[in-house]
Structures are given as structure tokens and as C-alpha cells.
Amino acid sequence: MHFKWTICANIHSVLLLVVLLSDVDECLSLGGLNGHHCHSNTRCVNTVGSYLCECLPGYRRVDKFNCAEVDECAAGLHRCSPHADCINTAGSYRCRCRHGYQGDGYTCQRELPAPAPPRRDAP
Ligand SMILES: [Ca+2]
């Protein structure tokens, strides 16, 4: 009985090894039968017998091979200050404090008026 299980386990190991060794890494080339078809806004990930196209950060799934840029500003997915403008970028977004405010865009505080120059009284 133990001998039979050992043979089965070894056969499975050999089969797994054959599958792994015969796997084509589609991610190494673009197009054709042995290459991948991932769009440029994805990252190709090789799997045994196939591959996946993972969306890059800031992109959402369109189909198996393609992802679309997320407009965080239009979708309300940003963390900009209420006193900042949200600017969509490829894969992310930026925040810029509005006129009259200063900060990093995530936190904006009203700019203080420049201090008045010291008075020069005549001697
Ligand atoms: Ca974006």
C-alpha cells in the first residue's frame, strides 16, 4: 500500500515537472501564438500554460487584456483638500492648493497677508 502511494506521488511529481518545463513564458515576447497580448497599461504575469494581464496601479479592468486609466478627480476618489484643485494624471492624480491657499494640496491653509514693513519714524 505504501509502495503504491509512493509511485503515485512520484508520477504526479514527474507530470508536474513536465508541465512546468514545457510552459512557455508568453510575457517574454509580444503578440503571435507564443507571445502575450497585454495592453501597455497592464503588467504581464506568466502562469503555467497561460498568462495574466494585471492592471497597473491607478487603472481599472476593461477586459482580459486591457485596463483604463481611472480619473480619480471625476470619480471623487481623490483626497485633495476642499481648497485644492484635483488634476488627473496617468495612473494617479495631483492636488494643487487654490489661489490664496498654501500647502501640499492635501492640506491647504489660507495664506497670511505679508507683514507690514517696520515703521520708520523720523528721528
Ligand atoms: Ca488618474
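# Exercises on a predicted model

To get going, take Q109: leaving aside neighbours within four places in sequence, Q109 is in contact with Y101, Q102 and G103. Keep in mind that the model you're looking at is predicted.

## Exercise 1: Q109 and its surroundings

Find the strand that holds Q109, then work out whether Q109 is buried, partly exposed or exposed.

**Solution.**
- Step 1: look along the chain for strand β8, which covers residues 108-110; Q109 lies there.
- Step 2: count C-beta neighbours inside 10 Å, and you get 11 for Q109.
- Step 3: the cut-off for exposed is 12 or fewer, so Q109 counts as exposed with its 11 neighbours.
- Step 4: now pick out C97, which is 12 residues away from Q109 along the chain; their C-alpha atoms are separated by 8.4 Å.

## Exercise 2: The overall layout

Write down the order of the elements, starting at the N terminus.

**Solution.**
- Step 1: tally the elements of the protein chain, which come to 2 helices and 8 strands.
- Step 2: put them in order from the N terminus, and the pattern reads α-β-β-β-β-α-β-β-β-β.
- Step 3: check burial too; of the 123 residues, 15% count as buried.
- Step 4: finish with contacts at a separation of 6 or more, where residues 24 or more positions apart account for 23%.

## Exercise 3: Two hairpins

Describe how β1 pairs with β2 and how β5 pairs with β6.

**Solution.**
- Step 1: β1 (residues 42-47) and β2 (residues 50-55) pair in the antiparallel sense, over 6 bridges.
- Step 2: T47 stands opposite S50 in β2.
- Step 3: this hairpin has 2 residues between its strands, and G49 takes a positive phi near 85°.
- Step 4: turn to β5 (residues 84-89) and β6 (residues 92-97), which are also antiparallel with 6 bridges.
- Step 5: here C86 stands opposite C95, and D85 stands opposite R96.
- Step 6: the hairpin of β5 and β6 has 2 residues between the strands as well, and G91 has a positive phi near 85°.

## Exercise 4: Two faces of β6 and the core

Sort the side chains of β6 by face, then find the largest nonpolar core.

**Solution.**
- Step 1: on one face of β6 you'll find Y93, C95 and C97, which are buried.
- Step 2: S92, R94 and R96 point to the other face and are not buried.
- Step 3: C95 and C97 turn up again in the largest nonpolar core, whose 5 residues also include C80, A84 and C108.
- Step 4: look around C80, skipping neighbours within four places in sequence, and you meet C86, C95, G105 and Y106 as contacts.

## Exercise 5: C73 in its helix

Place C73 in its element and explain why it counts as partly exposed.

**Solution.**
- Step 1: C73 lies in helix α2, residues 72-75.
- Step 2: C73 counts as partly exposed because 17 C-beta neighbours lie inside 10 Å.
- Step 3: leave out residues up to four places away in sequence, and C73 touches H78, C86, I87, N88 and Y93.
- Step 4: for Y93, 20 residues from C73 along the chain, the separation between the two C-alpha atoms is 7.3 Å.

Note on methods
Residues numbered from 1 in each chain as written. Predicted model: local features only at pLDDT ≥ 70, side-chain atom pairs only at ≥ 80, totals over all residues. Helix = DSSP H or I, 4+ residues; strand = E, 2+ residues; numbered from the N terminus. Buried ≥ 20, exposed ≤ 12 C-beta atoms within 10 Å, placed from the backbone. Contact = placed C-beta atoms within 7 Å. Pairing = 2+ DSSP bridges. Core = buried A, V, L, I, M, F, W, Y, C linked by C-beta atoms within 7 Å.
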